[in-house]
Amino acid sequence: MGDYVVRCVGCGSVRPPYTLVCPEDGALLRAEYALKRLSPRSLPGIWRFYDWLPVHDIIREAGEGSVTYRSSALSRELGLKNLYISFSGYWPERDALMKTCSFKDLEAPPTMQRLRERCDSPTLVVASAGNTARAFANVASMTGQDLVLVVPESGLSRLWTTVPRGRISLICVRGDYYDAIQIGERIASMPEFVGEGGARNIARRDGMATVMLEAALAIERLPDHYFQAVGSGTGGISAWEASLRLVDDGRFGKVLPRLHLAQNLPNAPIYHEWHGIKAEACPSEDMFDDVLFNRHPPYGVAGGVRDALADSGGDVYGISNREAADAKRLFEGAEGIDILNAPAVAVAALANAIESGAIMSDETILLNITGGGVSRLKEELMPEALRPDIIVSSSEEAIDFLAGRS
Ligand SMILES: *Cc1c(COP(=O)(O)O)cnc(C)c1O
């Protein structure tokens, strides 16, 4: 049960299970599961895909999964015949019950479970622009695990919870997401702390991979195309890895879905890299979406975003603020649920792909709505703001605070 080895995507060597990158070539590592056929367990949420998650037990209180349904209204608006929507968020009528309203809810529970399985029980450190921090805060509060969150000031408004706050230290950073990441890395390098590893963490990737597994079961095949808004591109890598496993399984088709990844212009490093465009030196402050800007995505590393795009015949879309805003209105009006700004960028990419002829109207399309239902949840569950314990300008201040805490 839950049997796997961790293998380097570059050189093929097997590595100890908690390694994050290959020490030989710096490539991403991937879980290789003993079972090659997808056989869902009668367990709740994502734990259904237990055989393809790198864990040996589950967290019963957490682990809500994504939900796939066939669209009728948006499908009609766009002139598509086989549009499926994967929804991660809060939408009770469709059995979508993620309490932090984004697909980061798929990554946090397997990461926390895997941490529990380590003998040294370190404190997890998560640096985040908001959605990831919210998801990890939720799981940590339910399980009582220690957690340090490092969040830029601009991300604070995204930090709320519907459960009593657990053993969480919330450090707010004067600066941007990049500053928060750097302070998080300093903390994680200290004894008894560990960073969650972002895209290099197989528990995060295989948690996100359940989007494609759940969709393939619902559609009864792999889609021809997969649309997602990306920042780090981890979700894109995960969708690719899930597809490789499903192709191996043999019952879902032989062709990998083409990845259509979308970013909000002009802060769009993956878009610029893929198209070989020189980016602006200064990032723009005026963005429709600000969670999708990651300055150092795992792009060129073996097993990273470029490999996922090349292997699947994919493409990257640059979406303007205007296009994203229009797409958000279109989606919400048609499907009847509020969505986050990031997935609106994916909806705009889908509209562009139809216009350019990159996809055909009868092909099977999976649109990943990576977050939504926040307005619904706020009406019904009245979440509370998570308040910072300290506001810092440097890693020294953060480390002093943590040292004085115990
Ligand atoms: C994090 C996030 C994304 C982008 O995720 P990747 O890690 O780049 O795949 C997209 N949408 C939402 C709502 C997110 O929180």
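Helices and strands are named here from DSSP runs, numbered from the N terminus. The model is predicted, and a convenient place to enter it is E107, which sits in the loop between β7 (96-97) and α2 (108-116). E107 counts as buried because its relative accessibility is 0%. Leaving out residues up to four places away in sequence, E107 touches F136, A203, R204, M208 and T234.

From here it is a short step to the sheet. Five strands form an open sheet in the order β12-β8-β9-β11-β18, and the pairing is parallel. Its edges are β12 (193-195) and β18 (390-392), each of which pairs on one side only. On average, neighbouring strands of this sheet are turned by 25° against each other, direction ignored.

Strand β8 (residues 123-127) shows how the pairing works in detail. Toward β12, β8 is joined by 3 bridges, with the two strands running parallel, and V125 stands opposite G195 in β12. Toward β9, β8 is joined by 4 bridges, again with parallel strands, and A127 has V150 of β9 as its bridge partner.

Strand β9 deserves a closer look. Because 6 of its 6 residues are buried, β9 is largely enclosed by the rest of the structure. In a regular strand the side chains alternate between the two faces of the sheet. Both faces of β9 are covered, with L147, L149 and V151 buried on one side and V148, V150 and P152 buried on the other.

Two helices lie across the sheet. Helix α3 (residues 131-143) crosses β8, β9 (147-152) and β11 (168-173), and runs at about 160° to β9. Helix α13 (residues 395-405) lies across β9, β11, β12 and β18, running at about 160° to β11.

Strands β8 and β9 also bring the nonpolar interior into view. The largest nonpolar core has 73 residues, and those with the most contacts inside it are M112, L124, L147, L149, M212, L246 and L259. One of these, L124, is in contact with T111, M112, L115, F136, D146, L147, V148, V194, G195 and E196, apart from its neighbours within four places in sequence. A second, separate core of 37 residues includes L80, F87, A348 and L367.

M212, another of the residues with the most contacts inside the largest core, belongs to helix α6, where it is among the buried residues. Helix α6 (residues 210-219) is mostly covered, with 8 of its 10 residues buried. These are T210, V211, M212, L213, E214, A215, A216 and I219. An α-helix has 3.6 residues a turn, so residues three or four places apart point the same way. The buried residues of α6 pack against β4 (67-70), β5 (82-87), α5 (202-208), β13 (225-229), α7 (234-249) and β16 (364-369). Just after the helix, E220 takes a positive phi of about 70°.

Strand β13, one of the elements packed against α6, contains H225. H225 counts as buried because its relative accessibility is 1%. The side chains of H225 and E363 are joined by a polar contact of 2.9 Å. Residues up to four places away in sequence aside, H225 touches P257, R258, H260, A358, I359, E363, T364, I365 and L366.

The cysteines complete the picture. With a disulfide taken as a pair of cysteine sulfur atoms within 2.5 Å, the count comes to 0. C8 is in no disulfide, and the nearest cysteine sulfur, that of C22, is 3.6 Å away. C8 counts as buried because its relative accessibility is 3%, and C22 counts as buried because its value is 2%. C119, by contrast, counts as exposed because its relative accessibility is 84%.

C22 lies in the loop between β2 (14-15) and β3 (29-33). Not counting residues up to four places away in sequence, C22 touches C8, C11, S13, R15, A27 and L29. The C-alpha atoms of C22 and C11, which are 11 residues apart along the chain, are separated by 8.5 Å.

How values were computed
Residues numbered from 1 in each chain as written. Predicted model: local features only at pLDDT ≥ 70, side-chain atom pairs only at ≥ 80, totals over all residues. Heavy atoms only, no water. Buried < 20%, exposed > 50% of the residue type's maximum accessible area, 1.4 Å probe, protein only. Contact = heavy atoms within 4.5 Å. Core = buried A, V, L, I, M, F, W, Y, C linked by side-chain atoms within 4.5 Å. Polar contact = N/O pair within 3.5 Å; in protein donor to acceptor, adjacent residues only side chain to side chain. Pairing = 2+ DSSP bridges. Axes fitted to C-alpha atoms, helices over the stretch in contact; angles between N-to-C directions.
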